[in-house]
Amino acid sequence: MDYKKVKTPESTITRDVEQMSRNTGNVYETVAIIAKRANQINGEMKQEIEKKLQDFSSFGDSIEEVFENREQIEISKYYEKIPKPTLIATQEFLENKIYYRNPIKDSFDEI
């Protein structure tokens, strides 16, 4: 996923918690949903950056030696500029792009 194309503010902005929790009816459930999605995004980003940086890893005489080159620096700068996973997850939640369900609520609805 190209996180640079996500229309998310790069810094934290104040949100209306009441409005955000209207879909779930519970502020804590809303926060839990956003947190779980942020963890997923963070894991995806971590795998992506490790995969890209793995191409540049070179092992010398010593494990202590780490050589950085221009490509590594550019990759690092790219990932520093993109919004944080919590901001992306919050924006996805506000745009109703996250699928979530509460099994406890679902079981009560069936009764």
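Helices are taken here as DSSP runs of H or I with at least four residues, numbered from the N terminus. With that in hand, the largest pocket of this predicted model can be placed on the fold: helix α2, which spans residues 27-54, gives the most to the pocket lining, with 6 residues.

The fold itself is quick to describe. The protein chain has 5 helices and 0 strands, and reading along the sequence gives the pattern α-α-α-α-α. Contacts within the chain reach far along the sequence: among those between residues at least 6 apart, 77% join residues at least 24 apart. Of the 111 residues, 25% count as buried. The surface that the chain exposes comes to about 8800 Å², and carbon and sulfur atoms supply 51% of this area.

We can now return to the largest pocket, which holds about 230 Å³ of space. One part of its lining is made up of E29, A32, I33, K36, R37 and Q40, and another part of I98, Y99, Y100, R101, N102 and P103. By character, the lining residues divide into 6 nonpolar, 2 polar and 4 charged. Tyrosine and proline count as nonpolar in this division, so Y99, Y100 and P103 fall in the nonpolar group alongside A32, I33 and I98. The charged group comprises E29, K36, R37 and R101, while Q40 and N102 are the polar residues.

Aromatic side chains offer a further view of the packing. The structure holds 2 aromatic pairs. In one of them, the ring centres of Y78 and Y79 lie 5.1 Å apart; their planes meet at 90°, over the 60 degrees required, and the pair is therefore edge-to-face. These two tyrosines fall into separate burial classes: Y79 counts as buried because its relative accessibility of 11% is under 20%, whereas Y78, at 28%, counts as partly exposed.

The other pair joins F93 and Y100, with ring centres 5.9 Å apart. Here the planes stand at 35°, an angle that is neither under 30 nor over 60 degrees, so the pair is tilted. F93 is buried, with a relative accessible area of 4%. Its partner Y100 counts as partly exposed, at 28% relative accessibility. Y100 also ties this pair to the pocket described above, being one of the residues that line it.

How values were computed. Residues are numbered from 1 along each chain as its sequence is written. This is a predicted model: local features need pLDDT of at least 70, side-chain atom pairs count only at pLDDT 80 or more; totals for chains, interfaces and linings use all residues. Side-chain values use heavy atoms; hydrogens and water are left out. On a 1 Å grid over the protein atoms alone, a cavity is a set of points where a 1.4 Å probe fits but cannot get out, and a pocket is an open set with protein on both sides within 12 Å along at least five of seven lines; lining residues have an atom within 4 Å of a point. Grid points are joined across faces, edges and corners, and a volume is the space filled by probe spheres set on the points. Helices (H or I, at least four residues) and strands (E, at least two) are DSSP runs, numbered from the N terminus. Buried means under 20% relative accessible area, exposed over 50%, partly exposed in between (1.4 Å probe, protein chains only). Contact means heavy atoms within 4.5 Å. Accessible areas come from the Shrake-Rupley method with a 1.4 Å probe; for residues, only the protein chains shown count as cover. Rings of Phe, Tyr and Trp (its six-membered ring) pair if their centres lie within 6.5 Å; planes under 30 degrees apart count as stacked, over 60 as edge-to-face and the rest as tilted.
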